[in-house]
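The following exercises practise the reading of contacts in a protein model. Please study the sequence and the structure before attempting each one.

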Amino acid sequence: MHLKIITSDKIVFDENVDAIYTRGTDGEFGILPNHVPLMSALDIGVTKVVQGNDTKYFTTMGGVFQFKDGEGLILTTTAEDGNNIDVARAKAAMERAKALLDEHDAAIDAKRAEAAIARAKARLKASLSE
Ligand code: ATP
């Protein structure tokens with residue numbers, strides 16, 4: 001089967017794969033060849049792709065997953081190859097967002113801080129540093 005991961009400005013991945021594991025808004029799920037057609041909203045998380053003995057990790061930050069006739073498609077806001085993650089930057093983003101949440105200040109947008117933490121967690125997971 002085949003998988004394409006696309007953002008509004010680039011094609012991040014476009015290759016044949018043996019298995020796809022991703023994170024939908026209802027939880028994680030896996031796709032093997034011959035899976036029935038499926039459409040799911042994506043959460044902020046990591047998409048794992050298996051190609052023979054090789055495994056690749058990508059962050060996928062929201063959007064939609066579609067599978068039909070052996071073709072997987074991920075349309076997402078942000079997707080990064082786990083090998084290209086700046087780990088120090090992700091850790092700094094995580095610390096900043098956690099510090100904001102710890103302030104318990106009504107002026108802090110908690111949802112925004114929680115989303116920043118989720119993005120940083122996905123980046124650390126995709127880079128295999130967490
Ligand atoms: P930061 O606070 O460090 O900017 P962020 O979660 O707010 O993190 P985003 O708005 O999600 O960042 O992303 C902005 C751009 O920077 C995107 O192109 C994203 O791919 C890139 N980016 C953000 N963090 C990292 C990282 N740790 N490693 C590589 N690229 C990153």
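Two strands pair if DSSP finds at least two bridges between them. Strands (E, at least two residues) and helices (H or I, at least four) are DSSP runs, numbered from the N terminus. The model is predicted, so local features need pLDDT of at least 70 and side-chain atom pairs count only at pLDDT 80 or more, while totals for chains, interfaces and linings use all residues. Residues are numbered from 1 along each chain as its sequence is written, and side-chain values use heavy atoms, with hydrogens and water left out.

**Exercise 1. Strand 1 and its neighbours**

Determine in which sense strand 1 pairs with strand 2 and in which sense with strand 9.

Step 1. Strand 1 and strand 2 are antiparallel, and 5 bridges connect them. In this pairing, Ile5 has Phe13 of strand 2 as its bridge partner. The connection from strand 1 to strand 2 is a hairpin of 4 residues.

Step 2. With strand 9 (residues 71-75), strand 1 pairs in the parallel sense, again over 5 bridges. Here His2 is opposite Glu71 of strand 9.

Step 3. Accessibility completes the description. A residue is buried under 20% relative accessible area, exposed over 50% and partly exposed in between (1.4 Å probe, protein chains only). In strand 1 (residues 2-6), 4 of the 5 residues are buried, and the strand is mostly covered.

**Exercise 2. Salt bridges**

State how many salt bridges the structure contains, and describe where the partners of Lys56 and Arg23 lie.

Step 1. A salt bridge is a side-chain nitrogen of Lys or Arg within 4 Å of a carboxyl oxygen of Asp or Glu. The search of the whole structure gives 5 of them.

Step 2. One of these joins Lys56 to Glu15, with an N to O distance of 3.5 Å. Lys56 belongs to strand 7 (residues 54-61) and Glu15 to strand 2 (residues 11-16), so distant parts of the chain, 41 residues apart, are linked. Lys56 counts as partly exposed because its relative accessibility is 25%, and Glu15 falls in that class at 34%.

Step 3. Arg23 and Asp43 also form a salt bridge, at 3.5 Å from N to O. Arg23 is in strand 3 (residues 19-24), whereas Asp43 is in the loop between strand 5 (38-41) and strand 6 (44-51), 20 residues apart. Arg23 has a relative accessible area of 32% and is therefore partly exposed; Asp43, at 28%, is partly exposed as well.

Step 4. In a further salt bridge, the closest N and O atoms of Lys125 and Glu28 are 3.7 Å apart. Lys125 is in helix 2 (residues 110-126) and Glu28 in strand 4 (residues 27-31), 97 residues apart. Lys125 is partly exposed at 42%, but Glu28 is exposed at 55%. Through shared partners, salt bridges join Arg23, Glu28, Asp43 and Lys125 into one network.

**Exercise 3. Aromatic rings**

Classify the ring pair of Phe29 and Phe65.

Step 1. Rings of Phe, Tyr and Trp (its six-membered ring) pair if their centres lie within 6.5 Å; planes under 30 degrees apart are stacked, over 60 edge-to-face, and the rest tilted. The structure holds 2 aromatic pairs.

Step 2. The centres of the Phe29 and Phe65 rings are 5.5 Å apart and the planes stand at 70°, so this pair is edge-to-face. Phe29 is in strand 4 and Phe65 in strand 8 (residues 64-68), 36 residues apart.

Step 3. Phe29 and Phe65 are both buried.
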